[in-house]
Amino acid sequence: MTLPTTMRYVAHRDGGAELMSIATGPLPDLRPDELLIRVQAVGVNRPDVLQRSGLYPPPPGANPVLGLECAGEVAAIGAEVTGFAIGDRVTALANGGAYAEYCAVPATQCLPWPKNVTAVVAASLPETMFTVFANVFIMGKLKAGESFLVHGGSSGIGATALLLAREFGAISYATAGSDEKVAACVALGAKAAFNYRTQDFVEEIRTATDKRGVDVILDMVGAPYFARNIRSLALEGRLVQIAFLQGSKIAEFDLTPIMLRRLTVTGSTMRARSNAQKAAIAAELRAKVWPVLDAGRCLPPVHAVFPFAQVADAHRLMESSTHIGKIVLDLGA
Ligand SMILES: NC(=O)c1ccc[n+]([C@@H]2O[C@H](COP(=O)([O-])OP(=O)(O)OC[C@H]3O[C@@H](n4cnc5c(N)ncnc54)[C@H](OP(=O)(O)O)[C@@H]3O)[C@@H](O)[C@H]2O)c1
């Protein structure tokens with residue numbers, strides 16, 4: 001594969017979606033442990049919107065160009081990489097830089113396209129699969145037969161969490177911001193879902209679980225939900241924070257239930273993890289989740305696909321929060 005000397009990528013400045021533009025620049029440098037991917041499709045994630053807004057700066061040393069996941073073909077192989085060939089189709093959890101025609105990614109964060117999927121579907125997978133698997137199943141230790149609540153159940157993350165929870169035998173509940181989203185959560189595998197604008201999830205979970213509470217909660221809302229999440233956990237329940245969409249500071253909280261009910265409060269952000277940690281998660285995904293995707297199950301819904309040049313429209317859609325599932329940029333469109 002002959003490489004061009006320049007590529008198109010999305011340039012941005014901190015602020016609104018209108019500050020993004022398609023620019024031309026050099027291809028990224030390829031480190032010895034990386035694959036250079038000729039990108040065919042890119043998943044859009046809320047962290048991209050936060051980074052673009054100036055609220056989620058990339059970690060030191062990371063590619064400052066937006067984009068945390070992509071699918072495409074291997075165009076060049078770093079000197080230390082084994083097990084890949086030029087032209088292999090991979091889907092990758094990038095450390096940044098995926099909003100571009102070429103993206104360099106540690107080979108250990110690249111997985112094959114699941115069988116029978118398009119580039120768009122392949123690109124929709126890594127960020128939510130890595131995040132959900134790490135937070136719900138590794139940190140949250142969700143097991144078959146246990147119960148699970150995810151807030152924002154119709155988001156890209158929420159949809160993936162509901163699909164994987166059902167696949168691995170958990171009983172799921174979800175909250176979402178409209179009746180249409182609530183119906184989508186049930187279609188994705190929730191036993192019941194609640195419209196938080198009209199229903200109190202604490203009461204609903206209490207009734208649905210016969211006052212027991214749930215074993216694991218995945219939360220992206222933050223401060224206003226913290227005390228209510230604690231009340232909704234069963235004995236030895238686990239609360240996993242992955243974002244604070246409505247704030248991260250609480251004025252006052254009584255810690256007693258954490259002690260009396262042996263609760264765990266934890267959280268993580270995928271981007272801050274080391275490449276070695278991401279490689280370990282990738283290995284678990286390859287063994288436990290990729291065979292499920294190969295069988296055509298647990299593929300999150302793709303709500304909308306935009307041509308690369310319409311990246312601002314993709315971000316505006318995400319900011320409207322009217323989507324259900326994933327938003328993807330198609331570089332071939
Ligand atoms: N920690 C990590 O490693 C990690 C990795 C990836 C993503 N995340 C986080 O996980 C969350 C979901 O990511 P995503 O890419 O799946 O995003 P997304 O599809 O845009 O989902 C965000 C959802 O949050 C709900 N929401 C609740 N309060 C909101 C608010 N104040 N503003 C906007 N939306 C609000 C919205 O649904 P309703 O209409 O139902 O409210 C929306 O569907 C984001 O917060 C993201 O930052 C964390």
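# Exercises on a predicted model

Alanine 17 is buried, with a relative accessible area of 4%. Keep in mind that the structure above is a predicted model. Let's begin with this residue and work through the rest together.

## Exercise 1: Two residues and their surroundings

Task: Find where alanine 17 sits, and say which residues it touches beyond its neighbours up to four places away in sequence.

Solution.
- Step 1. Look along the chain: alanine 17 belongs to the loop that links β1 (6-11) with β2 (21-26).
- Step 2. Recall the cut-off: a residue is called buried under 20% relative accessible area. Alanine 17 has 4%, so it is buried.
- Step 3. List the contacts: Arg52, Ala312, His315, Arg316 and Glu319 touch alanine 17, not counting residues up to four places away in sequence.
- Step 4. Add a distance: from alanine 17 to glycine 169, 152 residues apart in sequence, the C-alpha atoms are 40 Å apart.

Task: Decide whether valine 305 is buried, partly exposed or exposed, and find its distance to valine 120.

Solution.
- Step 1. Place the residue: strand β14 (residues 302-307) contains valine 305.
- Step 2. Use the cut-offs: partly exposed lies between 20% and 50%. Valine 305 has 43% relative accessibility, so it counts as partly exposed.
- Step 3. Compare sequence with space: valine 305 and valine 120 are 185 residues apart along the chain, while their C-alpha atoms are separated by 7.8 Å.
- Step 4. Check the contacts: leaving aside neighbours within four places in sequence, valine 305 meets Val120, Val328 and Asp330.

## Exercise 2: Strands β3, β4 and β5

Task: Work out how β4 pairs with β3 and with β5, and why β4 is described as largely enclosed.

Solution.
- Step 1. Start with a general idea: strands of a sheet pair through backbone hydrogen bonds, in either a parallel or an antiparallel way.
- Step 2. Take β3 (residues 34-44): it runs antiparallel to β4, and 7 bridges join the two. Within this pairing, alanine 76 in β4 has leucine 36 opposite it.
- Step 3. Turn to β5: it pairs with β4 over 5 bridges, again in the antiparallel sense. Here alanine 71 has threonine 91 as its bridge partner.
- Step 4. Consider burial: in β4 (residues 69-77), 7 of the 9 residues are buried, so the strand is largely enclosed by the rest of the structure.

Task: Describe the surroundings of threonine 91 and of asparagine 95.

Solution.
- Step 1. Threonine 91 is in strand β5 (residues 89-93), and it counts as buried at 1% relative accessibility.
- Step 2. Its side chain reaches the backbone oxygen of alanine 122 at 2.6 Å.
- Step 3. Beyond neighbours within four places in sequence, threonine 91 contacts residues including Cys70, Trp113, Pro126 and Trp290.
- Step 4. Now follow the chain into the loop between β5 and β6 (102-106), where asparagine 95 lies. Its side chain and that of asparagine 275 form a polar contact of 3.0 Å.
- Step 5. Leaving aside neighbours within four places in sequence, asparagine 95 is in contact with several residues, among them Ala62, Leu68, Gln109 and Lys278.

## Exercise 3: The parallel sheet and its helices

Task: Give the strand order of the open sheet of 6 strands, then find two helices that pack on it.

Solution.
- Step 1. Read the order: β10-β9-β8-β11-β12-β13, with parallel pairing.
- Step 2. Find the edges: β10 (192-195) and β13 (264-267) each pair on one side only.
- Step 3. Note the angle: on average, neighbouring strands are turned by 15° against each other, direction ignored.
- Step 4. Add helix α3 (residues 126-139): it touches β8, β11, β12 and β13, and its direction makes about 160° with that of β13.
- Step 5. Add helix α6 (residues 201-208): it touches β8, β9, β10 and β11, and its direction makes about 160° with that of β9.

## Exercise 4: The ligand

Task: How many residues surround the ligand, and which are the closest?

Solution.
- Step 1. Count and name: 24 residues surround the ligand, the closest being Gly177, Lys181, Tyr196, Met270 and His323.
- Step 2. Look at oxygen atoms of the ligand: a polar side-chain atom of lysine 181 lies 2.5 Å from one, and a backbone N or O atom of glycine 177 lies 2.7 Å from one. For arginine 46, a polar side-chain atom lies 2.8 Å from an oxygen atom of the ligand.
- Step 3. Finish with cover: of the 910 Å² of accessible area that the ligand has on its own, the protein covers 91%.

Note on methods: Residues numbered from 1 in each chain as written. Predicted model: local features only at pLDDT ≥ 70, side-chain atom pairs only at ≥ 80, totals over all residues. Heavy atoms only, no water. Helix = DSSP H or I, 4+ residues; strand = E, 2+ residues; numbered from the N terminus. Buried < 20%, exposed > 50% of the residue type's maximum accessible area, 1.4 Å probe, protein only. Contact = heavy atoms within 4.5 Å. Polar contact = N/O pair within 3.5 Å; in protein donor to acceptor, adjacent residues only side chain to side chain. Pairing = 2+ DSSP bridges. Near = heavy atom within 4 Å. Areas by Shrake-Rupley, 256 points an atom, 1.4 Å probe, with all protein chains shown as cover. Axes fitted to C-alpha atoms, helices over the stretch in contact; angles between N-to-C directions.
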